[in-house]
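Got your viewer ready? Load the model, switch on cartoon plus side chains, and follow along stop by stop.

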Amino acid sequence: MKDTMDIIGRELVEMTHSPLYEDRVANNSLPVIGAGDLDADVLFIGEAPGKKEAETGVPFCGASGKILDRLLADIGLDRATVYITNVVKDRPPKNRDPRPEEIELYAPFLDRQIDIIKPNVIATLGRFSMEYVMRRYGLEDHIGTITETRGNIFTTSINDQEVTILPLYHPAVAVYNRTRYDELLSDFEKLKDYVETT
Ligand code: URA
């Protein structure tokens, strides 16, 4: 499992044909492959690394990461027991939205990570991740706006295994908004049903 993830990491490091590669080198940055337990029940998928993430190679370690950490602590889920990654693995310049061609280029790496981790539940963080995952796994007819779709529980099959998809707001929405934090928290509570307590 670790070997296969390491191969993905090496391929991402060497992805010189990515439109985001030049910026990565110019900024002395790193691709963000993902972090956490390769045997996790819960897989969180964000959008793309921000500045701090690209500097460190660690997902969700900036302002959004602080919100994510608080949400995890509030529901009693240890960050070390989940896996956290993004759809796009390099930082889009100036934190612009990822472009469709960037999602298309990086998403196969995410698909391979899902195959390795085999999560019980995939929690998407934000619109880009929700749309990619729901389309990829046969739930395209259920995609609404993030406000309509977040907090709804969907079931799909990945490699003959039943997997729950839970779309969530991106934690960035709660940086300056307490109401959004409470909404995120009530959606996060639903994750507890999918975590094996052994
Ligand atoms: N936002 C994301 O979508 N991912 C990160 O890793 C950090 C911020």
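Here is a short tour of the ligand site, a pocket and some salt bridges. Keep in mind as you click that this is a predicted model.

**Stop 1: the ligand**

Start by selecting the ligand and showing what surrounds it. You should pick up Gly-46, Glu-47, Ala-48, Glu-53, Pro-59, Phe-60, Asn-86 and His-170. Now turn to the polar atoms. Which part of Glu-47 comes to 2.8 Å from an oxygen atom of the ligand, backbone or side chain? For Glu-47 it is a backbone N or O atom. Asn-86 uses its side chain: an N or O atom there sits 2.7 Å from a nitrogen atom of the ligand. Then click on His-170, where a side-chain N or O atom is 2.8 Å from an oxygen atom of the ligand.

**Stop 2: Thr-85**

Next, select Thr-85, which belongs to strand E3 (residues 83-86). Is Thr-85 buried or exposed? Thr-85 counts as buried, because its relative accessible area is 0%, below the 20% cut-off. Show its side chain together with that of Lys-89, and you'll find a polar contact of 2.8 Å between the two.

**Stop 3: the largest pocket**

Hide the ligand for a moment and bring up a surface. The largest pocket holds about 330 Å³ of space. Its lining is made up of 17 residues, and the ones nearest its centre are Ala-48, Pro-49, Gly-50, Glu-53 and Ser-64. Two elements each give two or more residues to this lining: helix H3 (51-56) and helix H4 (63-74). Which gives the most? That's H3, with three residues. Colour the lining by class and you'll see six nonpolar, six polar and five charged residues. While you're here, note two residues you have already met: Ala-48 and Glu-53 are among the residues around the ligand and also among those nearest the pocket centre.

**Stop 4: salt bridges from helix H1**

Time to look at charged pairs; the whole structure has 14 salt bridges. Begin with Asp-6 and Lys-2, whose closest N and O atoms are 2.9 Å apart. Both are in helix H1 (residues 2-13), four residues apart, or about one turn of the helix. How do the two partners compare in accessibility? Asp-6 is partly exposed at 31%, while Lys-2 is exposed at 54%.

Stay on H1 and move along to Glu-11. Its side chain meets that of Arg-112 in a salt bridge, 2.9 Å from N to O. This pair connects distant parts of the chain: Glu-11 is in helix H1 and Arg-112 in helix H5 (residues 100-117), 101 residues apart. Glu-11 is partly exposed, with 32% relative accessibility, and Arg-112 is partly exposed too, at 33%.

**Stop 5: a network at helix H8**

For the last stop, select Arg-180 and Glu-183. Their side chains form a salt bridge of 2.8 Å, N to O. Both sit in helix H8 (residues 178-188), three residues apart, about one turn of the helix. Arg-180 is partly exposed, with a relative accessible area of 27%. Now widen the selection: which residues are joined into one network by salt bridges that share partners? Add Arg-150, Asp-187 and Lys-190 to Arg-180 and Glu-183, and you have the network on screen.

Key: Residues are numbered from 1 along each chain as its sequence is written. This is a predicted model: local features need pLDDT of at least 70, side-chain atom pairs count only at pLDDT 80 or more; totals for chains, interfaces and linings use all residues. Side-chain values use heavy atoms; hydrogens and water are left out. On a 1 Å grid over the protein atoms alone, a cavity is a set of points where a 1.4 Å probe fits but cannot get out, and a pocket is an open set with protein on both sides within 12 Å along at least five of seven lines; lining residues have an atom within 4 Å of a point. Grid points are joined across faces, edges and corners, and a volume is the space filled by probe spheres set on the points. Ala, Val, Leu, Ile, Met, Phe, Trp, Tyr, Cys and Pro count as nonpolar, Asp, Glu, Lys and Arg as charged, and the others, Gly among them, as polar. A salt bridge is a side-chain nitrogen of Lys or Arg within 4 Å of a carboxyl oxygen of Asp or Glu. Buried means under 20% relative accessible area, exposed over 50%, partly exposed in between (1.4 Å probe, protein chains only). A residue is near a molecule or strand if one of its heavy atoms lies within 4 Å of it. A polar contact is a pair of N or O atoms within 3.5 Å; within protein, one must be able to donate a hydrogen and the other to accept it, and residues adjacent in sequence count only if both atoms are side-chain atoms.
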